[in-house]
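Reader: I've got this one open on my screen and don't quite know where to start. Could you pick a single part and take me through it slowly, in plain words?

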Amino acid sequence: MSFLSNVNTISWLIGGPQGSGVDSAANIFAKTCAKQGFHIFGKREFYSNIKGEHSYFTIRLSEKPVSSHLEEINMLVSFDAETVFRHADKVAPGGVIIYDSSLAETVLEEVPTIDLEANKRICKLLKDSGLSLNLSGMLDLAKSNGCIVYGLPYFDMIETVAKNMNDPKLSKLSRVVNVMAISASISLLGINKDKIIGAIEEVFGSKPKLLASNIEAAQYAYSYIKTKFDTKNVKFNIIPKEALKNYLLISGSQAAAIGKILGGCRFQTYYPITPASDESEFLESNQIIEQADGKNGSIVVVQTEDEIAAITMAIGASLTGVRTATATSGPGFSLMAEALGWAGMNEVPLVVTMYQRAGPSTGLPTRHEQSDLLFAINAGHGDFPKIVLASGDIEEAFYDSIKAFNFAEIYQLPVIHLLDKAISSSIQTCKNFSNELKIERGKFKNVIDKNQSEGTAGHFQRFKFEDSPISTRVPIGTENAIFWNTGDEHSEEGHISEDPENRIKMMDKRMKKLDVALEKIAEDDKAVCYDFDSNSNGVVISWGSTKGAILEALEKLSEEGKKLRFIQIRLLHPFPTKTVKKFLMDTKLVIDVEMNYSSQLGSLVQQNTGREIDNRIVKYNGRPISSTEIYIALKTILSGNNEKRIVLDGGT
Amino acid sequence: MAELKLADYKTTVHNDWCPGCGDFGILNSIQMALTEMQIPRHKAIIFSGIGCSGKTPHFINVYGIHTLHGRVLPFAQGAKIANPDLEIIAVGGDGDGLGIGAGHFVGAGRKNVDIPYLIFNNAVYGLTKGQASPTLRLGEKTKSLVTPNTSNSVNPIALALVSGFTFIARSYSYDVKHLKNTITRAITHKGLAFVDVLQPCPTYDDIHTREWYQGKNNLDSDNPKPRIYKIEEAGYDGTIHDESEVNEKMSKILEYSSEWGDKIPIGIFYQNELVPSYHERIAENIKDYFVRPPSHQAISDNENKPIAKIDKILDKLKIN
C-alpha cells in the first residue's frame, strides 16, 4: 500500500539539532513548493530542549489538499548524522537521502543525543542486516531498500561560497548549511531555482546580510548536486504549476490567534507553556488592530505569574465587558479548574484555548496527544455549565476561535476551545479565511435605564429569574446597574444566599443554558458526517486533529470499494446526543479513533447514546496519527480481524 | 449630582461578622473614604477574596465582586487593566493574601497596576475556626491552636517592599480616622498600594486583642501605653521625591517593619509615584490605551460584522 504512488505527491523530511535552523529551512521549503502550486502539510517534532537534541519537520506536498502526514518518506534531507540514523529506514524505495559526506564514518555510539532506547533499536536494525554500526551502515541499509543517497561535502561547499562572496568569515558560519541542504533537494525535485530564491527573500528579507549569504549558498547547492552527481535515476514526477491563488501557508496557533483578533478578543492572558505560548506571542506581535472604522483597536496581552492568575485576571477583565481569553495546555489547565467554576457560577463569558499535549503531569511536553477531553468536560468541582468545542484542523481553528466567543457571550459561560499540538504547530495551505462570521453578543447591554433597576434596593438583577435562563448582562461600572458576584450561591442581585428554594432555581437557571445551547447551536458545529457517497453502515468516530488522517485513509479505502462514513464530533459538551444518535442509527460497525490511551470520546459516546463502540484505535506514543497507520488499522478491522483495540505506534 | 452620604454606600444585607470584629472598623473606613472622595457608586468596584473579609463587598453599596480564596489581586488587576476608568479596590484577609495568594502578592508588585489592596490582618483564619495565619508569629498559641505555631510569620510590609508595591502603609481597624485617611491616600496613589490593616479577631485571637493593642496587658497596667504609634508623628515622611532616596528609605522601612511587640508603627511607610504604572507601560506600546482601553473598544458594526481588519496579517502568510 502507498499513498505515494500518485503523481505530484511527496513526503519530505528535514532533521537536525534543535537550534540549527531546521524550522526555517522547512519553512523555506514549504513556501517554495507552495509557490509551485502544491498544497502543503507540515508537522513539527522536537524535544523539550533548547539546543542540540534532534528535531525534525515533515512536509507533504501534493496537488490535492493534504491535511496529515505519512509514515513513509520520499526524501530525507540532513546535515547531521543523527537525522540519518533516526530516519533513513523510513525512506521508501526510490527515495532519496541527502547527507553530509564528511560524516560517513560517524559511529552510532558517538552521537550523544541518540538516547539509549533509540540506540538499541538502531543497533538491532543494523545488526540484523549485518551492517556496520556507523552512518555508512545506515546508508547501506537505505540503499538496500532501493534508495539513492547523495553525500554533500557541506564544509567545502561553504568555503567555496565564502570565497565567491569574498567573505572569509562565512566559512565559520555554518548557518547556511540548512539552506544548502534544502536547495539541493529542491534541485532534485526539478523545482525552479527562482522559487527558492523568492522564498528565501521572504524569510530573510529584513536581514540583508543573511539574505545575501543564503541566496548565494542556495544557488551554489542547487547547481552543485546536478553537476557533481548523476541524478537521472531520481524520479519524483513533480510537475510544477501556477502558485495557489488566495491561499495561506499558516499554522494552527496563528489561525486561532487571527480568529481571536477578528472575533473581537481584546484581552488575553497567559503563562508560558508549550505548545500554547505561540498563540499569545503572535497576538502580542499583532497587538495594534486595524479597524474598518478607521480607528485603531488593540489587544492587551498579559503574561501572568501563573495560570491561576491567567484565568482569574481574564475573568476580571471579562467583567468589564471585553471579550477575553486565556490560552494554556494541560498542566496550566489543571491549575485553572477552580476559577473555571467561578466563571460558571457567575455566568461570565470566557474563552480558554486549550492546546493539548501528551500528559499526565509534565508528560511529553513537546509531543502530541488528545487526552484532556474528559478533563475539559469535567474540570472544576460542582455542577456548572460550560461548552467544550474541538476543532479538527487549522481552518476550523480559525472559525471556531470566533464561534467560541459567540457561544461564551450568548450563553454567558466559559467555553473551552480544544486544540492540540498536531493543529497548533503544524502548517498547512488553507484557502484564505473569510470574515463573514457575525459577532453575536447575546443579551449584552452597556446602558441601563434607571427604571430598569429592580430588586430590594433598586439594584440591577444580574441573575434575574425570567422565562429564559439567560439574563441581561452589563459590564461592571455601568450606571444604574450595580450588582454583585460571588462564588457562593447567590440571589438574583448576586448576594450570598443559602436558601434551599433559591438554590434550586439558580442551579436550574444556570444548567438550563446548556439545553438552550443544544437547541440553538448549528448542526454543523455539533457534529459533521462525511459519507463518501455512501450510506455505509460502518462508521469511524473521532474528534480534533485526527480528522485529516482519517479523511485521507477513508478516501483511499473508498477508492478501493471499502466505504466507511466519518463522524467528526465538534461539540463535546453539552453532548449533541440527538445529532450523534441520528448519525449512528442502524450502524453495524462503530470504530473510535483517538490519540489517547482510554478512548475518551468512545466512553462519552457510549454514555450519551447507549451505542457500544465495536473497535477502538488509539495512540499514545506522543506522535500524531498518520494517514498510513490509520489506513492499515482500518483495513485490518474491515478484513474481519476482530481486534477490539488497536494501538498505533508510528513515528520517530 | 446630589452629594453622596455615608448611608448611600451601605447595603441592607445582614452583616454576620462576630460582635466586636475588627472588620467593622475597616468596613466603615472604606465607606467613609468613598463618601469623602464622592466616588460615584457605579464607578467603584470592591473585589474581595475568601473568608470573613471576603464578605465585605456585600455590605458596600457599589459593585461588588467576591472572588476566590487568594485570587483577589489577579481578578482585580484584570478588571483594572481592561478598564482603567474604574475605581477598583481589592480587599482580603492575611491568609488569603499572604498564604494561598502570596504568589499573586509578589506578582502584583512587579506589575504596579493602579489599585489599592487592603489586607485585613488578624493573624488567624477566622471563618475556618481559628487556625494560624501567615502573620501569626512562631511559637504563639492562639485559642484554637492545639500546639504553639510551628511556622514562622511573613513580614507583609517587607514583602510588599521587595515585591515592588509603590505605596506601603499600615493602619489599625479601631483607629477609623487614621484608617480612612490611609485608604483615601491609597486610592489616590498612582500605582499599586498596599495597606496592612491590623485588626483583632475577638473570637479566635486571644493574644492580639483590642486591649493588647491598647497596651493594657503591659507590665504597668495602671498606666497602659498603646503599642501602636504613628510614624508621621515621629517626623517620618515616606514619600519618594527622587529615585536616589529609595535605598535609604528602604532600610528605614525594613527597620520599621521588624518592630513588633511593645512598639508597632503605623502610617505611610513608602510612596513612590516615579515608578510607571502597568497602564503607562502598556501605553508605551499601545499609544491610545487610555483613550480606548480593551473594555471601551467597539468590535462589530451595526450589522454585527467584525470591524477588525485582518488582511494585512493574512497577506504576510499568503502564498504568491
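Author: One thing to have in hand before we start: an angle here runs from 0 to 180 degrees between N-to-C directions, with axes fitted as lines to C-alpha atoms. Also keep in mind that this is a predicted model.

Let's look at a sheet in chain A. It's an open sheet of six strands with mixed pairing, and going across it you meet β18, β20, β19, β22, β23 and β24 of chain A in that order. The two ends of that row are β18(A), residues 527–530, and β24(A), residues 645–648, each of which pairs on one side only. From strand to neighbouring strand there's a turn of 20° on average, if you ignore direction.

Zoom in on the β18(A) edge. Strands in a sheet pair through backbone hydrogen bonds, and they can do that parallel or antiparallel. Here β18(A) and β20(A), the latter covering residues 565–569, run antiparallel and are joined by four bridges. If you want a spot to click on, try A:Y530: it stands opposite A:F566 in β20(A).

Now for the helices. Helix α19 of chain A, residues 577–584, lies across β18, β19, β20 and β22 of chain A, and it runs at about 15° to β18(A). Helix α20 of chain A, residues 600–609, packs on the sheet too, touching β19, β20, β22 and β23 of chain A. Its direction makes about 140° with that of β22(A). To find those strands, look for β19(A) at 538–542 and β22(A) at 589–594, then β23(A) at 615–619.

Technical notes. Residues numbered from 1 in each chain as written. Chains lettered and ligands numbered in written order. Predicted model: local features only at pLDDT ≥ 70, side-chain atom pairs only at ≥ 80, totals over all residues. Pairing = 2+ DSSP bridges. Contact = placed C-beta atoms within 7 Å.
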